Amino acid sequence: MIDKVLIEKLNASIQEALRVIAANKLRTFLTALGIIFGVGAVITMLAIGKGAEKEILAQLELIGVNNIVITPIKDVEEDDNGGEEEGAEGKETTTRFSKGLDLLDAQSILSTIPSVKTVSPEIVMDNYMIQNGRQQSMKLIGVQDNFFKISDIDIEKGKNFSRLQQDNALPVCIIGKNVENKLFTGQNPLGKSIKVGNVWLKIVGVIEEKLISTEAQDNLGIRDLNRDVYIPVKTFLVRFKDRKIISDAPMPEGNIMIFGGGDQGPKKRIPRGNYHQIDKLTVQVQESSFLQPTADVIGRMLKRKHNDVADFEITIPIQLLKQQQKTKQIFNIVLSIIAGISLLIGGIGIMNIMLASVLERTKEIGIMRAIGATKQDVVMQFLSESVLISLGGGLIGVILGIVASMLLEKISGIETVLTINSIILSFFVATSVGLIFGIFPARAAANKKPIEAIRSE
């Protein structure tokens with residue numbers, strides 16, 4: 001019986017609150033603006049945060065969790081004393097020569113360092129391919145069969161390179177999804193051949209499509225894998241180009257020249273071009289805790305093998321991603337605080353309007369108390385109004401947040417992810433704001449003495 005009476009009172013309070021809100025539409029809307037913008041901002045910030053988290057996870061899948069990346073430095077600038085040895089008269093100098101990053105380095109790292117699980121060298125060349133009279137620019141990538149596993153790439157059609165194909169430098173290739181779509185529309189490319197440069201390559205596989213954002217390509221140096229053609233490393237070196245092989249052709253002008261030292265002043269170096277056999281070496285370690293120690297050991301080993309010439313760069317992509325993630329989290333926290341301030345201002349606006357409403361309706365409150373309404377009834381009446389204003393503002397704010405998130409992704413390219421949890425949280429926050437900031441005006445109304453309230457004008 002008590003529950004039924006309470007429900008009837010609550011229903012009457014809501015009906016009266018709706019009547020008051022309908023009678024003051026403009027004032028109610030202006031009061032709810034703070035809630036609208038606050039909730040919209042919260043949803044947008046949560047969507048941006050989820051989008052950033054999704055992008056970070058996608059980038060982690062591309063680079064691998066336990067990977068170390070070694071890239072060559074093509075032009076090494078030496079300081080005044082770097083690689084210089086003084087002769088008897090202090091005038092003669094000698095120069096240290098580096099063999100560059102090569103497959104022997106990859107083999108040494110794998111066989112020498114216990115924490116290393118596997119290594120994956122890459123050689124990259126800009127080239128063109130021809131199929132059915134159509135020519136298209138592309139990147140030719142020399143890899144080993146473990147490249148696809150380290151890079152979390154599945155072979156959608158066909159098979160990975162076999163040991164026989166790799167050891168015998170056979171002219172085979174695995175193509176990206178975009179290459180298949182452009183050159184073999186509606187056809188099965190497996191078993192067919194494409195001409196890359198002057199070499200015919202038989203297609204043995206097609207990789208799955210990998211969606212890589214422009215930001216990931218710029219920040220992490222990741223190529224658009226869908227446009228590449230992959231061949232075994234030995235096939236690349238035998239049938240295309242091996243930069244370690246010295247030919248009888250004249251050395252190109254500016255290939256390498258080192259002079260100076262002694263009385264001639266600081267030693268200078270003219271760039272010798274790209275003398276590295278491979279363009280990238282990915283080292284996968286056993287556990288994440290081994291990343292930094294392994295990178296340090298690799299750095300010392302390579303410098304010793306390269307005759308103390310630091311013509312390589314070692315990076316740990318996961319550390320870069322963690323720093324990037326931390327920066328984005330700080331940014332999102334700041335924006336969320338700003339959104340929270342908007343909600344706070346909206347709550348203060350509700351409390352202000354409700355206090356004004358109490359003053360305007362003092363006589364009405366007195367009449368309610370005089371005919372039998374309790375303090376609880378008055379509190380319920382004014383709390384119903386403040387909660388309804390907050391919920392209405394929250395509903396509009398949710399719509400605003402969804403629209404803003406979609407427009408932001410479309411206009412700026414920032415990925416946003418909307419979730420049910422963020423919408424539920426926004427409704428909860430909006431309801432809480434109306435409830436919390438409506439308590440004080442409701443209590444103020446309930447505490448008015450009936451006789452004094454009736455006498456007020």
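Which helices each supply at least two residues of the lining of the largest cavity? They turn out to be α1 (2-23), α2 (25-63), α10 (317-360) and α12, helices being DSSP runs of H or I with at least four residues, numbered from the N terminus. This is a predicted model, where local features need pLDDT of at least 70 and side-chain atom pairs pLDDT 80 or more, while totals for chains, interfaces and linings use all residues. Residues are numbered from 1 along each chain as its sequence is written, and side-chain values use heavy atoms, leaving out hydrogens and water.

The largest cavity holds about 70 Å³ of space. A cavity here is a set of points on a 1 Å grid where a 1.4 Å probe fits but cannot get out, with lining residues having an atom within 4 Å of a point; its volume is the space filled by probe spheres set on those points, which are joined across faces, edges and corners. Among the lining residues are N24, R27, S357 and E385.

Turning to rings, there are five aromatic pairs, meaning Phe, Tyr or Trp (six-membered ring) centres within 6.5 Å. F147 and Y230 sit with centres 5.5 Å apart and planes at 35°, so this pair is tilted (neither under 30 degrees, stacked, nor over 60, edge-to-face). F147 belongs to helix α4 (residues 147-150) and Y230 to strand β8 (residues 228-232), so the pair ties together parts 83 residues apart in sequence; strands are E runs of at least two.

Notes: 1 Å grid on protein atoms, 1.4 Å probe; cavity = no way out; pocket = protein on both sides within 12 Å on 5 of 7 lines; lining within 4 Å.
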